[in-house]
Amino acid sequence: MNASHILLLIGGYFLLLLLISYFTGKNDSNEDFFKAGKQSPWYLVAFGMVGASLSGVTFISVPGWVDASQFSYMQVVFGYFLGYLITAYVLLPIYYRQNVTSIYEYLDDRFGFVSYKVGAISFFISRVLGAAFRLFLVAIVLQQFVFDSWNVPFEITVTLSILLIWIYTFKGGIKTIVWTDTLQTLFMLISVGLSIYFILNRLEWSFSDFLASQELSTYSKTIFTADFFAKNHLIKSFLGGMFVTICMTGLDQDMMQKNLTCRNLKDAQKNMVSFSVVLVLVTFVFMLLGALLFIYAEKFEIAMPLMDGAPKSDLLFPEIALNSGLGITVAITFMLGLIAAAYSSADSALTSLTTSFCVDFLGTEKKSEKEAKNTRRKTHIGMSLLLILVVVSFKYILDRNVIDGLLTVASYTYGPLLGLFSFGIFTTYQVKDKYVWLVALVSVITIVLLGKIPPENLGGYVFGYELLPINGLLTFIGLWLIRKKTPNETAMPNS
């Protein structure tokens, strides 16, 4: 499959998305852009959220990480599951009861203006970086396998990718995303299933042969409990995964915006629970695919692809799918799966960033309908330009596997959100609102410094994703220190 064929495939795919956008974006109102009129079927949202949660990071980076980490990532995923249940039964009731457009409006009601802005800023930074990680991954694949052969600069590749997303989301917003995510999830799952089928066929294995093989056993160790000081210890990974989900889903405008388009709380909870079960199963299939890719590469002596002269495990899946002779079917479905996985998270991220900036910083809900719509459109363009700048910068500064980098950044940026919402939900105290920004800043700086301490200075202990709950705890303690001494009797723990 050459570069021209891939480009034609991408063009056809985006024409399909534009067709969906045409029908879902006819209204072009802020109500539909931000909330989809609160008419989204819960099962449609649940299925689409699978693709948005997995994204290009899971599609490429998780399989590429298997050689270095085996199946230890599943320990994090088990923590995800508990985090989704907490999100469904603790956080969703609050958002529906208060009928919020931006979930950070809760912090304004609970603590005040500064807390509200700290929460919104924490999300904004987190989502810009998270979306950039995901877009970077698909951009380097397109660059390696399409645009390098035409001598197109990486910066142009990124710009074209984000321009395409902007085109099909600028009118319909979240209403369009709910439908395009469903299509993208379907493409992604078909791609993974067919890739596994054709690779097993080339290896002359049945699926049961693969599961029973000695080769799989060298990659499939899942539970790590021998060394608590190691980054991948079960307890650290599980708790880290739980808090990552609470923050990156339950306290994240991007993921919650989809849930808030459901007709009522009960539908949103059904969506969240069913989605979480499917996500665990699908992630395990990705781990199996990763092991299969490394087994296949070793048997047929496929070298690890290079990027800027260094081996890049994130590129192994595309290398095998496109260049190892598996056939045109695998190549086509891989590209469709990759594009779908990457853009299913990137498009919703762009929409949620636009929503948060409009509501949390520009106050569009207090403006006239015409003025609010114009503000939304300009903000949508501004968010697109910002993502271009951040994605391009990652080419020069990112030095780790993308999924690992994404979870590490989450440990730094989502901590203040975790502390703020926890303090608001589980205590009745008000705080001295004007000092909240200082608490958040000190907490993040402390976590960054902790993460940089060499393991040999800690007796061999390696900090992992437990930095996120520690960050939240530090914020919680800081809020306790600046609390007003008399509890607010009207602030119930669940309000």
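A charge sits over a ring if NZ of Lys or CZ of Arg is within 6 Å of the ring centre and within 35 degrees of the ring normal. In this predicted model, R483 meets that description, lying over the face of Y429 at 5.3 Å from the ring centre. Y429 also takes part in an aromatic pair. Its ring centre is 5.2 Å from that of W480, and the planes stand at 80°, so the contact is edge-to-face. Y429 belongs to the loop between α18 and α19 (436-451), whereas W480 belongs to helix α20 (residues 467-481), so the pair ties together parts 51 residues apart in sequence. Y429 is buried at 17% relative accessibility. W480 is partly exposed, at 36%.

Aromatic pairs number 26 in the structure. One of them joins Y104 and F421, with ring centres 6.4 Å apart and planes at 75°, so this pair is edge-to-face. The two residues are 317 apart along the chain. Y104 sits in the loop between α4 (73-98) and α5 (105-110), and F421 in helix α18 (residues 415-426). Both rings belong to buried residues: relative accessible area is 0% for Y104 and 2% for F421. Y104 and F421 also share one aromatic cluster with Y95, Y106 and F123.

Three salt bridges were found across the whole structure. In one of them, the side chains of D252 and R127 meet at 2.7 Å, N to O. D252 lies in the loop between α11 (234-250) and α12 (253-259), and R127 in helix α6 (residues 113-145), so the contact ties together parts 125 residues apart in sequence. D252 and R127 are both buried.

A further salt bridge pairs K236 with E466, with the closest N and O atoms 3.8 Å apart. K236 is in helix α11 and E466 in the loop between α19 and α20, so parts 230 residues apart in sequence are tied together. Each partner is buried, K236 at 4% relative accessible area and E466 at 8%. K236 has an aromatic contact as well. Its charged end sits over the ring of F228, 5.8 Å from the centre.

The salt bridge between D267 and K270 has its closest N and O atoms 3.5 Å apart. Both residues lie in helix α13 (residues 265-299), three residues apart, about one turn of the helix. D267 is buried, with 11% relative accessible area. K270 is partly exposed, at 34%.

The search for disulfides returned zero across the whole structure. Among the cysteines, C247 is buried at 0% relative accessibility. C262 is likewise buried, at 0%.

Key: Residues are numbered from 1 along each chain as its sequence is written. This is a predicted model: local features need pLDDT of at least 70, side-chain atom pairs count only at pLDDT 80 or more; totals for chains, interfaces and linings use all residues. Side-chain values use heavy atoms; hydrogens and water are left out. Rings of Phe, Tyr and Trp (its six-membered ring) pair if their centres lie within 6.5 Å; planes under 30 degrees apart count as stacked, over 60 as edge-to-face and the rest as tilted. Helices (H or I, at least four residues) and strands (E, at least two) are DSSP runs, numbered from the N terminus. Buried means under 20% relative accessible area, exposed over 50%, partly exposed in between (1.4 Å probe, protein chains only). A disulfide is a pair of cysteine sulfur atoms within 2.5 Å. A salt bridge is a side-chain nitrogen of Lys or Arg within 4 Å of a carboxyl oxygen of Asp or Glu.
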